[in-house]
Amino acid sequence: MDIEPHKLPLENSFNGEVNLLAESNNYLLGVSVGLQKRKEKWFYRTRITYRDYGDYKVPTNKINYENYIFELHDNDLRNTAGREANANFSIGYNFNNITSFNNITSETFISNVYAKNGFFANAHSLEVRVSEIDYDASNRDIDLPYHKVNHFKVINNTSIDKHTLFLDIGYQNNNREEQSIQHLMVIYPNQIIPKNSSLLKTPIL
């Protein structure tokens, strides 16, 4: 697959777009707004996207897990809701010297990607049976257990056509975490646990 880079905006131009998204299976609502502008040599581009969705619906009202039957409220997979928020911005410079056939393009990108979504509670041990969380209170809330990620990136792309020189410099920071209720963690009979670990208070299956 050959993914081509975005074309440069036309000189002295400004344009934008708004995209709306909706899905019925998980009540998803989303919006994405993009803008770009260029004068002669300088240009910028930006886009902001937000998506929010509820628990996924399934064609059944019961789930069998570890020989336990769990009723599903309104056919929803409880605690599978989530949200995403992404933003990116770039600023660039383009110099085209016709006489020397020298074209220089440099663009710096800054982006951040964030997402948080719940895990289907009935698939994480037997949490729903002993948890005080009301998973059926809302089909859009995100309770424990959940997964959260955040990716931040800065990168510069510079190209000089006359000398066929391409330069990419970047920085990226990735953060990913999963949260659950500690006392509901499962310890297996052959699992080795440090002496001072709080897991010693966890029931053993």
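In this predicted model, Tyr-44 is partly exposed, with a relative accessible area of 27%. The structure holds 3 aromatic pairs, and Tyr-44 belongs to one of them, together with Phe-89. A pair of aromatic rings is described by the distance of the centres and the angle of the planes. For Tyr-44 and Phe-89, the centres are 6.2 Å apart and the planes differ by 25°, and the pair is classed as stacked. The two rings come from distant parts of the chain, 45 residues apart, with Tyr-44 in strand β3 and Phe-89 in strand β6. Phe-89 is also partly exposed, at a relative accessible area of 35%.

Next along strand β6 comes Ser-90. Ser-90 has a relative accessible area of 4% and is therefore buried, since buried means under 20%. The side chain of Ser-90 makes a polar contact of 2.7 Å with the side chain of Glu-107. Leaving aside residues up to four places away in sequence, Ser-90 touches Phe-43, Tyr-44, Arg-45, Glu-107, Thr-108 and Phe-109. Tyr-44, already met as a ring partner of Phe-89, is thus among the contacts of Ser-90 as well.

Charged side chains come next. Side chains of opposite charge can pair when their charged atoms come close. The model contains 10 salt bridges. One of them joins Arg-83 and Asp-52, whose closest N and O atoms are 3.8 Å apart. Arg-83 lies in strand β6 and Asp-52 in strand β3, so this salt bridge ties together parts that are 31 residues apart in sequence. Arg-83 is partly exposed at 28% relative accessibility, whereas Asp-52 is buried at 17%.

A salt bridge also joins Lys-148 and Glu-177, at 4.0 Å from N to O. Here the partners are 29 residues apart in sequence, and the pair ties strand β8 (residues 146–160), which holds Lys-148, to strand β9 (residues 165–179), which holds Glu-177. Both residues are partly exposed, Lys-148 with a relative accessible area of 25% and Glu-177 with 24%. Salt bridges that share partners also join Asp-52, Arg-83 and Arg-140 into one network.

Loops take part in this pairing too. Asp-76 forms a salt bridge with Lys-57, with 3.1 Å between the closest N and O atoms. The two residues are 19 residues apart, Asp-76 in the loop between β5 and β6 and Lys-57 in the loop between β3 and β4 (62–65). Asp-76 is buried, with a relative accessible area of 7%, while Lys-57 is partly exposed at 32%.

His-73 is found in the loop between β5 (68–71) and β6 (82–97). The C-alpha atoms of His-73 and Lys-57 are separated by 9.8 Å, and these residues are 16 apart along the chain. His-73 counts as partly exposed at 39% relative accessibility. A polar contact of 3.3 Å joins its side chain to that of Asp-74. Not counting residues up to four places away in sequence, His-73 touches Arg-78 and Asp-136.

Finally, the surface carries a nonpolar patch made of Phe-14, Val-18, Leu-20, Val-31, Val-33, Leu-35 and Tyr-50, with about 650 Å² of accessible area together. The elements giving two or more residues to this patch are β1 (13–23) and β2 (28–38). Tyr-50, another member of the patch, is found in strand β3 (residues 42–53). Tyr-50 counts as partly exposed, with 37% relative accessibility.

Key. Residues are numbered from 1 along each chain as its sequence is written. This is a predicted model: local features need pLDDT of at least 70, side-chain atom pairs count only at pLDDT 80 or more; totals for chains, interfaces and linings use all residues. Side-chain values use heavy atoms; hydrogens and water are left out. Patches are made of residues with over 30% relative accessible area and no salt bridge: like charges are joined within 9 Å, nonpolar side chains (Val, Leu, Ile, Met, Phe, Trp, Tyr) within 5 Å. Accessible areas come from the Shrake-Rupley method with a 1.4 Å probe; for residues, only the protein chains shown count as cover. A salt bridge is a side-chain nitrogen of Lys or Arg within 4 Å of a carboxyl oxygen of Asp or Glu. Helices (H or I, at least four residues) and strands (E, at least two) are DSSP runs, numbered from the N terminus. Buried means under 20% relative accessible area, exposed over 50%, partly exposed in between (1.4 Å probe, protein chains only). Contact means heavy atoms within 4.5 Å. A polar contact is a pair of N or O atoms within 3.5 Å; within protein, one must be able to donate a hydrogen and the other to accept it, and residues adjacent in sequence count only if both atoms are side-chain atoms. Rings of Phe, Tyr and Trp (its six-membered ring) pair if their centres lie within 6.5 Å; planes under 30 degrees apart count as stacked, over 60 as edge-to-face and the rest as tilted.
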